[in-house]
Structures are given as C-alpha cells and as structure tokens.
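Trainee: I've just opened this one and I'd like a close look at a single part, the buried interior. Take me through what packs against what in there, and don't skip the odd backbone spots along the way.

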Amino acid sequence: GETEEAQKYADLSEDVAAAFVGTWWTEEDRLASDTQTAYALAICFDLLDGRRKAAAGDRLAMLVEDAGARIASGFAGTPFVCEALSLTGHDEQAYALVMQRECPSWLYAVEQGATTIWERWDSMLPDGTVNPGAMTSFNHYALGAVADWLHRVVAGLAPNAAGYRRIRFAPRPGGGLTSASARHLTPYGETAIAWRIDGDLLHAEMTVPVGATAVIDLPGAAPETVGHGTHPRTVALVAPAT
C-alpha cells in the first residue's frame, strides 16, 4: 500500500536502466564489456528492454559456445549466467555449462574428488597438485550459487510468492538428465517435486503443503493452479530431452 514509495523506486529503476543502456550499450547491440558476467548481470537485474535483452541473451549464448561450454565468470557472475541463459530461451547452453567436465566447470571439481565447492575453478590442478595461488580455499560458497538454478530450472521448484505461500513447479529437463527431484521445508510444511523421463513422456509428482497453493507449469502443457496435496502429472515431451 505504500504507493508513493513504490512509484519513487519504480521511477528510479527506470532511470538507472536508462543510464546503464546509455553508457554501456553499443551501436553493435552489445555491451562495452563483452563478457559472460556483464550480459548475465544486465539480463537478471532487468537493465535491458525487450529487444536489447534478447540480443544480450543471444550474445551470451554465443560466448558460452565460443568458450567450448566453459564457464567464464567469477563470484559476481556465476549465480546469474545459467539464469540469464534460461530467461532468454537458451536452456541448452545453460545445461552445457553445468554438464561440462573440463576446467573451468563445476564437474571438473567433482571429477577431481571435490566434496565441497572450491574458491576458484582450478583450486586443484589437473595433475592433482594444489594451485599455488593465494586464493585457494577448498570450501567456499560463491561458485556453488548455481544450485539456485538447479533447484528452479532442473528440478523445477521455486517460490511464486513471498514465503512459498504460492509455489511454482516448472522443471525444464535437458542436458541428458532423465530424472531430478527437490524438496524444501517452507513455513507451511514440506514442498517437493520429483520427475523422470520415460521415452517421450515426462512423469512428475508435486507436493503442496497445507495453506499454500502452486502453479504447475510442465513443458508442453498449459499452466494450472492447484492446492494442498500430492499432484501426479504425465505430459508428452515435444521432443526427447537431450
């Protein structure tokens, strides 16, 4: 109900976005800083209008492809690269980043035996020696921020209103994965989703706690709103997930 405050900050947001575009968007429809992080931040912080946002998404996808599906961001950009790709219709490139096994990537660390997130992509070198640099923690948080995208896009579980009063189930299978699941203890109780692919069918089961509602948005099906309970659904995939 704070309408004056809402308008004040809405106007400020528009002014900031306009200043950002005026300063950093080039005549070639690119950002002056032509990097994965720059495009990801601009997209996710809603600094670009529709045409520029689409162009930024296309350029980000191209940068990912040109890098051989390797991540090229640090602490600022890593939470947003996959999100920005998904927001602009490039789930394929987002999955390619997540499934990459060569350095720099998340699975490179896994294949090196990591059980916690590293501070840098190459905290351990391919020959098994520790990176001699000063910034070499083997238990750090920042690069693990991709887990947010894993929850919301891969598993498909996200809040759709404050405090999970409304939940969104919207898995977008890809990357060769054939199943995924996630659960979260909300203020209303546990919510969960589990899905699996069988041939060209996607089987999903979603749980909504008492007092909450949810939007089910499965690939190829019209979104629907449901209440408390367990909700199994089966939909035909437009094309087998790859």
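Mentor: Let's fix the vocabulary first: helices (H or I, at least four residues) and strands (E, at least two) are DSSP runs, numbered from the N terminus. It's a predicted model, with local features requiring pLDDT of at least 70, side-chain atom pairs counted only at pLDDT 80 or more, and totals for chains, interfaces and linings using all residues. Residues are numbered from 1 along each chain as its sequence is written, and side-chain values use heavy atoms, leaving out hydrogens and water.

On that basis the protein has seven helices and eight strands. One of your odd backbone spots is Tyr164, in the loop between β1 (157–159) and β2 (166–169). Tyr164 isn't a glycine, yet its phi is positive, about 65 degrees. Tyr164 also counts as buried, at 16% relative accessibility; buried means under 20% relative accessible area, exposed over 50%, and partly exposed in between (1.4 Å probe, protein chains only). By that cut-off, 40% of the 242 residues are buried.

Now the interior itself. A nonpolar core here is a set of buried Ala, Val, Leu, Ile, Met, Phe, Trp, Tyr and Cys residues joined through side-chain atoms within 4.5 Å. In soluble globular proteins, nonpolar side chains tend to be buried together. The largest core in this model has 52 residues, and the ones touching the most other members are Cys82, Leu85, Leu97, Trp106, Trp149, Ile167 and Phe169. Helix α3 (residues 50–66) supplies the largest share of this core, six residues.

Start with Cys82, which is buried at 2% relative accessibility. Contact means heavy atoms within 4.5 Å. Setting aside residues up to four places away in sequence, Cys82 touches Ala94, Leu97, Val98, Trp106, Val146 and Trp149. Don't go hunting for a disulfide there, though: that takes a pair of cysteine sulfur atoms within 2.5 Å. The closest cysteine sulfur to that of Cys82 belongs to Cys44, at 10.0 Å, so it's too far for a bond. Cys44 is partly exposed, at 23% relative accessibility, and the disulfide count comes to zero.

Two of those Cys82 partners, Trp106 and Trp149, bring us to the rings. Rings of Phe, Tyr and Trp (its six-membered ring) pair if their centres lie within 6.5 Å; planes under 30 degrees apart count as stacked, over 60 as edge-to-face and the rest as tilted. The structure holds five aromatic pairs. In one of them, Tyr95 and Trp149 meet edge-to-face, 5.2 Å centre to centre with 70 degrees between the planes. Tyr95 sits in helix α5 (residues 91–99) and Trp149 in helix α7 (residues 147–155), so this pair ties together parts 54 residues apart in sequence. Both Tyr95 and Trp149 are buried. Trp106 pairs with Trp121: their ring centres are 5.3 Å apart and the planes at 85 degrees, so that pair is edge-to-face. Trp106 lies in helix α6 (residues 106–111) and Trp121 in the loop between α6 and α7, so the pair ties together parts 15 residues apart in sequence. Trp106 is buried at 12% relative accessible area, and Trp121 is buried at 15%. Ring pairs also link Tyr108, Trp118 and Phe138 into a cluster.

Next, Ile167 and Phe169 from the core list: both are in contact with Ala214, whose other partners beyond four places in sequence include Arg166, Val208 and Val226. Ala214 belongs to strand β6 (residues 213–216) and is buried at 0% relative accessibility.

Helix α2 (residues 36–44) is worth a stop too, since seven of its nine residues are buried, so it's largely enclosed by the rest of the structure. Those seven are Gln36, Thr37, Ala38, Tyr39, Ala40, Ala42 and Ile43. Their cover includes α1 (3–24), α3 and α4 (81–87).

That leaves a few more backbone oddities. Just after α2, Asp46 takes a positive phi of about 55 degrees. Asp29, in the loop between α1 and α2, has a positive phi as well, near 60 degrees; Asp29 is partly exposed, at 28%. Finally, Cys103 and Pro104 are joined by a cis peptide bond, with omega about 0 degrees, and Pro104 is in the loop between α5 and α6.
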